[in-house]
Amino acid sequence: MRGVTTSGSADLVILANRLPVDRVRSADGTLGWRRSPGGLVSALEPIMRNNDGAWIGWPGVPDEDVEPFVDEGLSLVPVPMSAQEVEEFYEGFSNGTLWPLYHDVVAKPEFHREWWDSYVAVNERFAEKAAEIAAEGATVWVQDYQMQLVPRMLRERRPDLRIGFYLHIPFPPTELFQQLPWRRQILEGLLGADIVGFQLNGAAQNFVRLVRQRVGHKTHRDTVYLPDGRTVQARAFPISIDTRGFEELARSESVTQRAAQIREALGNPKTVLLGIDRLDYTKGIYPRLRAYSELVAEGRFSVDDAVFVQVATPSRERVEQYRVLRDDIDRLVGRINGDLGRIGQPAISYMHSSFPRHEMAALYRAADIMVVTPYRDGMNLVAKEYVACRYDNDGALVLSEFAGAAEELRQAWRVNPYDINGMKAAILEAAHADDREVTRRMKAMRKTIMEHDVAGWAAAFLGALSEVQGTHSKTLRPSRRS
Ligand code: G6P
């Protein structure tokens with residue numbers, strides 16, 4: 001087995017805000033790590049193993065200064081953050097400024113100069129670490145909105161590297177992005193990469209237009225021409241999931257049993273509707289539950305034979321807007337169940353907790369209708385996971401047209417989450433559709449996600465990056481997949 005990453009030893013570096021592990025304390029009090037589930041890490045694992053790969057990220061808790069270590073064969077390189085940085089860089093600039101700004105200002109972004117200073121300082125620390133561990137001519141792939149200054153900072157230190165950047169969330173329309181006092185620095189930070197990847201074409205176009213207008217570089221289609229002769233490509237690479245892995249899990253005996261148990265516990269209703277989201281104001285949980293409650297109040301669904309299961313995963317709990325949202329949802333669910341529920345028969349079965357993949361797959365199997373209604377979402381992998389688990393081509397998906405996934409999952413019942421009546425109509429239509437219609441739609445969506453899984457996404461991005469001319473970088477060895 002390969003050893004711990006040392007200076008200048010990694011041919012492939014993944015750099016993200018978080019490491020793909022969580023700090024956990026076991027029963028006997030010892031501290032350890034648990035792999036956090038996620039398509040990204042499973043997709044990248046084979047190619048990382050083959051290329052002396054290393055993953056740079058924050059361990060998820062403040063003031064934790066840990067040496068690089070190997071977890072299940074993966075080299076992990078922790079970057080520490082102080083409590084103040086967690087407040088200013090993570091909760092502040094990343095999730096109080098950029099997150100709402102990039103999601104169509106669904107909530108009001110706050111602009112604070114100390115938050116920006118902290119963002120610069122933390123990005124610097126990550127860039128420094130990547131510059132230290134990357135081998136000569138290595139590939140560095142920087143992930144997401146928390147790290148937008150890293151590409152430029154890294155190129156200044158290490159011009160020999162191939163640098164890719166991928167934004168997992170939407171990139172906003174130019175009119176909104178321009179609110180940002182540090183708009184030029186962010187654009188220049190991203191232009192340090194050879195390829196800037198987005199979920200959708202529209203986002204790539206927003207970026208290119210801004211670069212032309214704000215930085216003044218020449219652009220043509222998806223290419224930016226820099227004064228020093230270098231070019232940067234801005235392209236869409238829609239992310240996906242480990243489709244086969246999810247399907248396999250969904251087919252397992254234990255998930256099948258658990259799905260039956262869940263339906264039983266719900267009283268074996270005729271219709272189970274399901275929502276699973278991080279508890280985030282972009283996800284449109286509030287209007288979705290309102291739409292459903294009106295349908296119950298109007299007698300279109302009855303608590304005798306239908307239930308809406310809503311799982312909200314705790315997230316960013318110290319950020320004010322997330323606290324407010326939690327209270328709003330608690331109150332709404334309480335009111336709906338108070339008004340419409342009966343003993344042992346709530347209209348909404350609400351859980352504020354996170355579940356392992358196994359339980360998620362069982363919930364997807366137990367649900368007749370999955371309702372995904374974000375106001376804005378980069379992709380939304382929950383929608384794809386539901387489709388992956390419906391191997392019998394049954395189950396209906398109601399999907400917001402403002403989720404990136406709507407561009408690929410075209411056969412879903414599409415909704416505008418701002419239009420409550422429209423959502424009610426779509427949920428009803430999905431509930432009353434005949435089996436042939438449901439199957440036709442699900443089959444088409446399954447074909448799409450079988451053909452485009454997360455391994456294909458990673459291969460497409462890294463393949464495009466390896467074709468970049470003009471660097472002295474090495475070519476990565478492809479992964480040998482069994
Ligand atoms: C989104 C972002 C990720 C982020 C995740 C969870 O998917 O694109 O970068 O890691 O949310 O949020 P958290 O703040 O807990 O890392």
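User: How far is an oxygen atom of the ligand from an N or O atom in the side chain of Y90?
Analyst: This is a predicted model, where local features need pLDDT of at least 70, side-chain atom pairs count only at pLDDT 80 or more, and totals for chains, interfaces and linings use all residues. Residues are numbered from 1 along each chain as its sequence is written, and side-chain values use heavy atoms, without hydrogens or water. For the ligand, a polar contact is a pair of N or O atoms within 3.5 Å. The Y90 side chain has such an atom at a distance from a ligand oxygen of 2.5 Å.

User: Which residues are around the ligand?
Analyst: Here a residue counts if one of its heavy atoms lies within 4 Å of the molecule. R18 belongs to the group, with a side-chain N or O atom 2.7 Å from a ligand oxygen, and Q146 has a polar side-chain atom 3.2 Å from one. The full set is R18, Y90, D144, Y145, Q146, H168, I169, R278 and R316.

User: Is helix 8 parallel or oblique to helix 13?
Analyst: Helices are DSSP runs (H or I, at least four residues) numbered from the N terminus, and angles run from 0 to 180 degrees between N-to-C directions of axes fitted to C-alpha atoms. The axes of helix 8 (residues 243-251) and helix 13 (residues 381-389) come within 8 Å and cross at roughly 55°. Therefore helix 8 lies, relative to helix 13, in the class called oblique (not under 35 degrees, over 145 or from 65 to 115).

User: How many charged residues are in the contact of helix 8 with helix 13?
Analyst: T243, F246, E247 and A250 of helix 8 meet E385, A388 and C389 of helix 13, with contact meaning heavy atoms within 4.5 Å. By class, there are four nonpolar residues and one polar, while the charged ones number two.

User: What residues of helix 9 make the contact with helix 8?
Analyst: Helix 9 covers residues 253-265, and its axis comes within 5 Å of that of helix 8, crossing at roughly 65°. Helix 8 brings L249, A250 and R251, and helix 9 brings E253, V255 and T256.

User: At what angle do helix 6 and helix 7 pack?
Analyst: R183, R184, L187, E188 and L190 in helix 6 meet F207, L210, V211, R214 and V215 in helix 7. This contact has six nonpolar, no polar and four charged residues. Helix 6 (residues 183-190) and helix 7 (residues 201-215) have axes 10 Å apart and pack at about 120°.

Notes
Helices (H or I, at least four residues) and strands (E, at least two) are DSSP runs, numbered from the N terminus. Ala, Val, Leu, Ile, Met, Phe, Trp, Tyr, Cys and Pro count as nonpolar, Asp, Glu, Lys and Arg as charged, and the others, Gly among them, as polar. A polar contact is a pair of N or O atoms within 3.5 Å; within protein, one must be able to donate a hydrogen and the other to accept it, and residues adjacent in sequence count only if both atoms are side-chain atoms.
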